[in-house]
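Please open the model in a viewer and keep the selection tool at hand. The tour proceeds from stop to stop, stating what to select and what is found there.

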Amino acid sequence: MGEPVEIKGQPASGGIASGPLIVLGGHRQKRISSGDPKIELSDLHKALAAAAIDLAALISRVDKDGGEILAFQLAFLEDDTLKSAVEALIMGGSAADEAWRKVVDDETGGYETADDEYFRGRAADIREVRDRVLRYLDGSSEATGAPGAILIGEELGPTLFLETDWSGGGGVLLTAGSSSSHVAMLARARGVPMIVGLGNINLNGHREAIIDGETGIAVLSPSRAERQRFGAKLQELNDRTIREAEFRYRQGMTGDGERIEVMINVASADEVDHIDISTCDGIGLMRTEFLFRDGAPLPDEEQQYQAYRKLLLWAGNKPVTIRTLDAGGDKPIGGITPESERNPFLGKRGIRLTLAQPKIFMSQLRALARAAVHGRLKVMIPMVTVPAEIAETARLVDMAVRELDAEGIANARPPIGIMVEVPAAAIAPELFAEAAFFSIGSNDLTQYVTAAARDEASVAALNDPAHPAVLKLIAAVAEFGRKRSIPVSLCGDMASEPCYLEALLTAGIKSLSVAPSAIARVKAALTAIRIGR
């Protein structure tokens, strides 16, 4: 075994894991072409069919998020235009594997060079489909090793991740990749430690590794001392998790008795199926853009109503804040978001986009008004920059209510609040005093204030939510809300991290909306804080 080597990348999924290294890529053998276009076509069709069967079987075994990612791959695999292009090359004399690789690589090129992180993430999904078909064509295999292995390579596709048995531990090290990729999302959901962006690594002589997904540090060929050090940290994490679990069902409270509201962020109605409402104070943010899947049919009014209704019935008498469609930026939706913007984060996104798409917006507002009769619904509009955006949204909500009344459909007019994430709103909150409530979106506010993209590794150190300028704006908004009796909460990732809680409470924030997995952690951390007010 080689000498210990410490490597550093970007944390993508927390936790600590150790185990044998398995290099991704598998054994590849060169395929010998038959030279007969008919045989090559037959081999292609058999490989496509086998790959489709694999994906369909896997879709039936995984959860909703994993299934939707795989469904994209299956749809790509079954695309008739793509298949016709491959068949044309084969009939022109190309071997099946060469034709398939060329067509898919050409298709992937546009994704790989896209400025948007979302599209670059899709490139990895497409390459995984490409390689699955190639493995069937050349008879090679992709081995992930036994449970507990550390997979290492340039990238890992979601299908291979979902096919891997993580029950015995294990983790992922990627020389490339992104913390916002599909596979990173899956890793976080399943608690699999993952580090990305490690760069070139010399694996000669290294057979095992320890990875720390909290810090982005991994050690190849760890020494006994390093094993003991990481083992102690793992034990500390496990002990902390056990201690924090005791706080899950308690009220959020500081060490000096200050009541802090702890709500949750959700992306779909199905998320609450495994969450006990008694562990939180309601839903502080429901991200409706995840109902509008890129490449999928737009959800109609009834589909949206059923999703919103489910959340309200689950919450009972506790509030549910549903954000209107926040597409754009790193969340493009085909047919809705502009395709040629040079800087999507500063372009037509959030409320700017929905006001320009009145048919889509009205469908959502009608669904929200219908759902409002089932609980304490609050509607929040994103990316508000000028007061006119609130006024126009209010006008459309009133129109939706009148339409539903005329149709004899039960409805209620929900209060309308805003996301405070554009610096203009944070600097001059008095312009938006007509809003029923404020919810500070610390993710976008931080990247706009620091001029550092939240998904760009090269400026990650500058994208700091604890930057004095960001905290000063948060405090100003909280103080304005207190003076005008406008409720203020914070729903960005900052709320889920204990290291920021004291600064937020000192800034005057008394309401947090966190990731469901962070409920116990945040409540436990609050008890160690004394704000002395």
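Select Lys310 to begin; in this predicted model, Lys310 has a relative accessibility of 28% and therefore counts as partly exposed. Now add Asp273 to the selection: Asp273 and Lys310 form a salt bridge, and their closest N and O atoms are 3.0 Å apart. Where does each partner lie? Asp273 belongs to the loop between strand 9 (261-266) and strand 10 (283-287), whereas Lys310 belongs to helix 9 (residues 301-315), so the salt bridge ties together parts that are 37 residues apart in sequence. Asp273 is partly exposed as well, since its relative accessible area is 47%, and the range for this class runs from 20% to 50%.

Next, select Glu301, Glu302, Arg366, Arg370, Glu403 and Glu407 together. These residues are joined into one network by salt bridges that share partners. In general, side chains of opposite charge can pair when their charged atoms come close. The structure holds 26 salt bridges, and two further examples follow.

**Salt bridges of helix 4**

Select Arg31 and Asp97. Their side chains meet in a salt bridge, with an N to O distance of 3.4 Å. This pair links distant parts of the chain, 66 residues apart: Arg31 is in the loop between strand 3 (16-23) and helix 1 (37-59), and Asp97 is in helix 4 (residues 96-112). Are Arg31 and Asp97 buried or exposed? Both of them are buried.

Remain on helix 4 and select Asp105, together with Arg130. The two form a salt bridge in which the closest N and O atoms are 2.7 Å apart. Asp105 lies in helix 4 and Arg130 in helix 5 (residues 117-138), so this salt bridge ties together parts that are 25 residues apart in sequence. The partners may then be considered one at a time: Asp105 has a relative accessible area of 28% and is partly exposed, while Arg130, with a relative accessible area of 12%, is buried.

**A negative surface patch**

Select Glu107, which is also placed in helix 4. With a relative accessible area of 37%, Glu107 is partly exposed. Extend the selection to Glu78, Asp79 and Asp80, which form a negative surface patch with Glu107. Of these, Asp80 is found in helix 3 (residues 80-91). Asp80 has a relative accessible area of 56%; the residue counts as exposed because this value is over the limit of 50%. Before leaving the patch, use the distance tool on Glu107 and Ala123: their C-alpha atoms are separated by 9.0 Å, and the two residues are 16 residues apart along the chain.

**Aromatic pairs**

How many aromatic pairs does the structure hold? There are two. Select Phe161 and Trp166, whose rings form a tilted pair, 5.0 Å centre to centre, with 35° between the planes. Both Phe161 and Trp166 are buried.

Now select Phe438 and Phe480. The centres of these rings are 6.2 Å apart and the planes stand at 20°, so the pair is stacked. Phe438 is in strand 14 (residues 438-440) and Phe480 is in helix 15 (residues 468-484), and the pair thus spans distant parts of the chain, 42 residues apart. Phe438 and Phe480 are both buried.

**Two positive phi angles**

Select Ser221, in the loop between strand 8 (217-220) and helix 8 (224-245). Phi of Ser221 is near 50°, a positive value in a residue other than glycine. Ser221 is buried, with a relative accessible area of 1%.

Proceed to Ala451, in the loop between helix 14 (442-450) and helix 15. Ala451 is not a glycine either, and has a positive phi of about 55°. Is Ala451 buried or exposed? Its relative accessible area is 72%, so Ala451 is exposed.

**A last distance**

Finally, select Val401, which is found in helix 12 (residues 387-406). Val401 has a relative accessibility of 13% and so counts as buried. Add Asp43 and display the distance: C-alpha to C-alpha, Val401 and Asp43 are 58 Å apart in space, and in sequence they are 358 residues apart.

Note on methods:
Residues numbered from 1 in each chain as written. Predicted model: local features only at pLDDT ≥ 70, side-chain atom pairs only at ≥ 80, totals over all residues. Heavy atoms only, no water. Patch = residues over 30% accessible without salt bridge, like charges linked within 9 Å, V, L, I, M, F, W, Y side chains within 5 Å. Areas by Shrake-Rupley, 256 points an atom, 1.4 Å probe, with all protein chains shown as cover. Salt bridge = Lys/Arg side-chain N within 4 Å of Asp/Glu carboxyl O. Lys, Arg positive; Asp, Glu negative; His and termini not counted. Charge placed at Lys NZ, Arg CZ, Asp CG, Glu CD. Helix = DSSP H or I, 4+ residues; strand = E, 2+ residues; numbered from the N terminus. Buried < 20%, exposed > 50% of the residue type's maximum accessible area, 1.4 Å probe, protein only. Phe/Tyr/Trp six-rings, centres within 6.5 Å; stacked < 30°, edge-to-face > 60°.
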